[in-house]
Amino acid sequence: MNFTRRNLLVLATAVGLAGGSHFAYAADVLNVGSYPNNPPFEYKTANGGFEGFEVDVVNEAAKRAGMTTNIADYGFQALFAATSSKRIDVAISSITITPERLKSQSFTQPYYDSDMGVAAKESSSIKSLADLKGAVVGVLSGSTGEKWVNDNKAAQGFADVKGYNSQQDMFLDLGAGRIDAVVSDIPGMQYLFVKTKGFAIKDRIKTGEQYGLMMTKDSPLVAKINDAITAMKKDGTLEKIHEKWFGSKAPAGSSTVTEMPIPKA
């Protein structure tokens, strides 16, 4: 009986240690949500993996924090619910840091500066933002482009605003003439137009947008990942990643090369 009890205690200890190592391993994984079609920031490859500027950023930051990444496919709008519910730790998808988002989310310091642009068919008579009076404008649902267009709909005289869950569907409708123009982030559209011909950016909307890694509100991981981004800026790694994906060095003084504070609500 004593022998049996002793063996049970040994077995229980072994199970406890195994369980402990399992949870320690899980804690070393940074769960990342990503919109799958947002090149050059992130996109899904033929083998189901993810590549892109922000994929390299989050992978390198996690590595420096002593973690590995598990990147899962999410629709853009679904990313916000996923971080809020803690299904993921981090969301990547050229997500602009805004006061509204900081009320329910946390962000690392910014690492990319951007503006929005007006895109239309190359052959379109639309030449600038002023030409969108009476136009039907497409936006990515849940994006800052959608917010800007809705906030300025009356002042600019847009006839209607149509939201899309994917960039691909939005530009299919633009090409088919179901919408007149698109308002979206310039870098993503520039990259798209390298391979998708027939479209052009007609005007730039100066917004001063900056992208950061969006994380669960007040997550203890924010400081850890943010410190890794700071180190990547200081040793030039982040600028090298920028050059890899955009073909040029980041502008001097931009958030890609300049250490910045963690944004506060």
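**Exercise 1. Find the residue just after helix α9 that takes a positive phi, and then describe the helix itself.**

Step 1. Go to the end of α9: just after this helix, G236 takes a positive phi of about 85°. Keep in mind as you look that the model is predicted.

Step 2. Now check the length of α9, which covers residues 221–234. With 14 residues at 1.5 Å a residue, the helix should span 20 Å, and its end C-alpha atoms are 20 Å apart, so the two values agree.

Step 3. Look for the buried side of the story. L221, V222, I225, N226, A228, I229, T230, M232 and K233 of α9 are buried. The buried residues of this helix pack against β1 (29–34), α2 (53–64), β7 (105–107), β13 (214–216) and α10 (237–246).

**Exercise 2. Work out which residues touch the most other members of the largest nonpolar core, and which elements contribute to this core.**

Step 1. The largest nonpolar core has 29 residues, and those touching the most other members are L30, F53, V90, Y111, L213 and I225.

Step 2. Two or more residues of this core come from each of β1, α2, β6 (90–92), α9 and α10.

Step 3. There is a second, separate core of 16 residues, with A135, W148, F158 and V161 among them.

Step 4. Pick out Y111 and follow its contacts. Leaving aside residues up to four places away in sequence, Y111 touches F53, E54, Y211, G212, L213, I229, K233, L238, S255 and T256.

**Exercise 3. Trace the open sheet that contains β2, and say which strands lie at its edges.**

Step 1. The sheet is built from 3 strands in the order β2-β3-β4, with antiparallel pairing.

Step 2. Its edge strands are β2 and β4 (50–51), each of which pairs on one side only.

Step 3. Zoom in on one pair: β3 (residues 42–44) and β4 run antiparallel and are joined by 2 bridges. Here K44 has F50 in β4 as its bridge partner.

Step 4. Finish in the loop between β2 and β3, where P40 sits. The peptide bond joining P39 and P40 is cis, with omega of about 5°. For context, most peptide bonds are trans.

**Exercise 4. Decide whether N38 is buried or exposed, and find its polar partner.**

Step 1. Locate N38 in strand β2 (residues 37–38). Its relative accessibility is 9%, so N38 counts as buried.

Step 2. The side chain of N38 makes a polar contact of 2.9 Å with the side chain of S94. Apart from residues up to four places away in sequence, N38 touches Y43, S93 and S94.

Step 3. Turn to S94, found in the loop between β6 and α4 (99–102). S94 counts as buried because its relative accessibility is 8%.

**Exercise 5. Describe the phi values of S94 and K86, and say whether K86 is buried or exposed.**

Step 1. A useful background point is that most residues other than glycine have a negative phi.

Step 2. S94 has a positive phi, near 45°. K86 also has a positive phi, near 65°.

Step 3. K86 lies in the loop between α3 (78–84) and β6. With 64% relative accessibility, K86 counts as exposed.

**Exercise 6. Find where the pLDDT is below 50.**

Step 1. Begin with the whole protein chain: its mean pLDDT is 89, and 90% of its residues reach 70 or more.

Step 2. Over residues 1–26, the pLDDT is below 50. This stretch has 0 contacts in the model beyond near neighbours in sequence.

How values were computed. Residues are numbered from 1 along each chain as its sequence is written. This is a predicted model: local features need pLDDT of at least 70, side-chain atom pairs count only at pLDDT 80 or more; totals for chains, interfaces and linings use all residues. Side-chain values use heavy atoms; hydrogens and water are left out. Helices (H or I, at least four residues) and strands (E, at least two) are DSSP runs, numbered from the N terminus. Buried means under 20% relative accessible area, exposed over 50%, partly exposed in between (1.4 Å probe, protein chains only). A polar contact is a pair of N or O atoms within 3.5 Å; within protein, one must be able to donate a hydrogen and the other to accept it, and residues adjacent in sequence count only if both atoms are side-chain atoms. Contact means heavy atoms within 4.5 Å. Two strands pair if DSSP finds at least two bridges between them. The expected span of a helix is 1.5 Å times one less than its number of residues. A nonpolar core is a set of buried Ala, Val, Leu, Ile, Met, Phe, Trp, Tyr and Cys residues joined through side-chain atoms within 4.5 Å. pLDDT is the predictor's confidence in each residue, from 0 to 100.
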